[in-house]
Amino acid sequence: MGDDVDNIREFDDRLHRFAEELNRDADRVTFPTTTAASKQLTRNYRSTQSILRFSTQALTARATNSELLDVEAISEAVTRLKADTDHDESRIDTVVRKYLL
């Protein structure tokens, strides 16, 4: 399974399925496997605020001028994160390349 966001997204389904499998021939999982409560995490311990802000903006950046994005819907779906650091020495460099056809 490893680092896969589906481990979180499918937690309820997997928990119920695993409990059923484990209890097939004996009572091994004796606690209720009701739906797990969701908790929205908003604090980031790995990135600086500059990187978090850049990442949020990158989600609504069009790859091409003709690409259509529902920026408002994307912005509403994004959970804004706050960096858990007092310093921010991040530097984000970008390279712009023009290709001549």
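## Overall dimensions

The radius of gyration is taken here over C-alpha atoms, and the value for a globule is 2.2 Å times the number of residues to the power 0.38. By that rule a compact globule of 101 residues would come out near 13 Å, whereas the chain has 21 Å. The model is a predicted one. Along its principal axes, the C-alpha trace spans about 65 × 40 × 25 Å.

Of the 101 residues, 10% count as buried. The chain exposes about 9500 Å², and carbon and sulfur atoms supply 50% of that area.

## Secondary structure and contacts

The chain holds four helices and two strands. Read along the sequence, these follow the pattern α-α-β-α-α-β.

Contacts between residues at least 6 apart in sequence can be split by separation: 59% of them join residues at least 24 apart.

## Charge

Positive side chains number 15 and negative side chains 19. The centres of the two sets lie 7 Å apart.

## Thr48 and its partners

Thr48 sits in the loop between β1 (43-44) and α3 (49-58). Its relative accessible area is 15%, and the cut-off for burial is under 20%, so Thr48 counts as buried.

The side chain of Thr48 makes a polar contact with the side chain of Asp88, at 3.2 Å. Leaving aside neighbours within four places in sequence, Thr48 is in contact with Ala83, Thr85, His87, Asp88 and Ser90. Asp88 therefore appears both as a contact of Thr48 and, because a pair of N or O atoms within 3.5 Å is required, as its polar partner at 3.2 Å.

## Leu15 and Val29

Leu15 belongs to helix α2, which covers residues 11-22. At 22% relative accessibility, Leu15 counts as partly exposed, because the buried class requires a value under 20%. Not counting residues up to four places away in sequence, Leu15 touches Phe31 and Thr33. Leu15 and Glu67 are 52 residues apart in sequence, and their C-alpha atoms are 39 Å apart in space.

Val29 is placed in the loop between α2 and β1. With a relative accessible area of 16%, Val29 is buried. Its contacts, leaving aside neighbours within four places in sequence, are Ala19, Leu22 and Asn23. Ala19 and Leu22 fall within the residue range 11-22 of helix α2. From Val29 to Thr79 the separation is 50 residues in sequence and 34 Å in space, C-alpha to C-alpha.

## Ile92 and Val71

Ile92 lies in the segment after β2 (82-83). Its relative accessible area of 37% makes Ile92 partly exposed. Beyond neighbours within four places in sequence, Ile92 is in contact with Ser50, Ile51 and Phe54. Those three residues fall within the range of α3 (49-58). Ile92 and Val78 are 14 residues apart in sequence and 21 Å apart in space, C-alpha to C-alpha.

Val71 is in helix α4, residues 71-77. At 38% relative accessibility, Val71 counts as partly exposed. Val71 and Ser47 are 24 residues apart in sequence and 24 Å apart in space, again C-alpha to C-alpha.

Methods. Residues numbered from 1 in each chain as written. Predicted model: local features only at pLDDT ≥ 70, side-chain atom pairs only at ≥ 80, totals over all residues. Heavy atoms only, no water. Buried < 20%, exposed > 50% of the residue type's maximum accessible area, 1.4 Å probe, protein only. Contact = heavy atoms within 4.5 Å. Areas by Shrake-Rupley, 256 points an atom, 1.4 Å probe, with all protein chains shown as cover. Lys, Arg positive; Asp, Glu negative; His and termini not counted. Charge placed at Lys NZ, Arg CZ, Asp CG, Glu CD. Polar contact = N/O pair within 3.5 Å; in protein donor to acceptor, adjacent residues only side chain to side chain.
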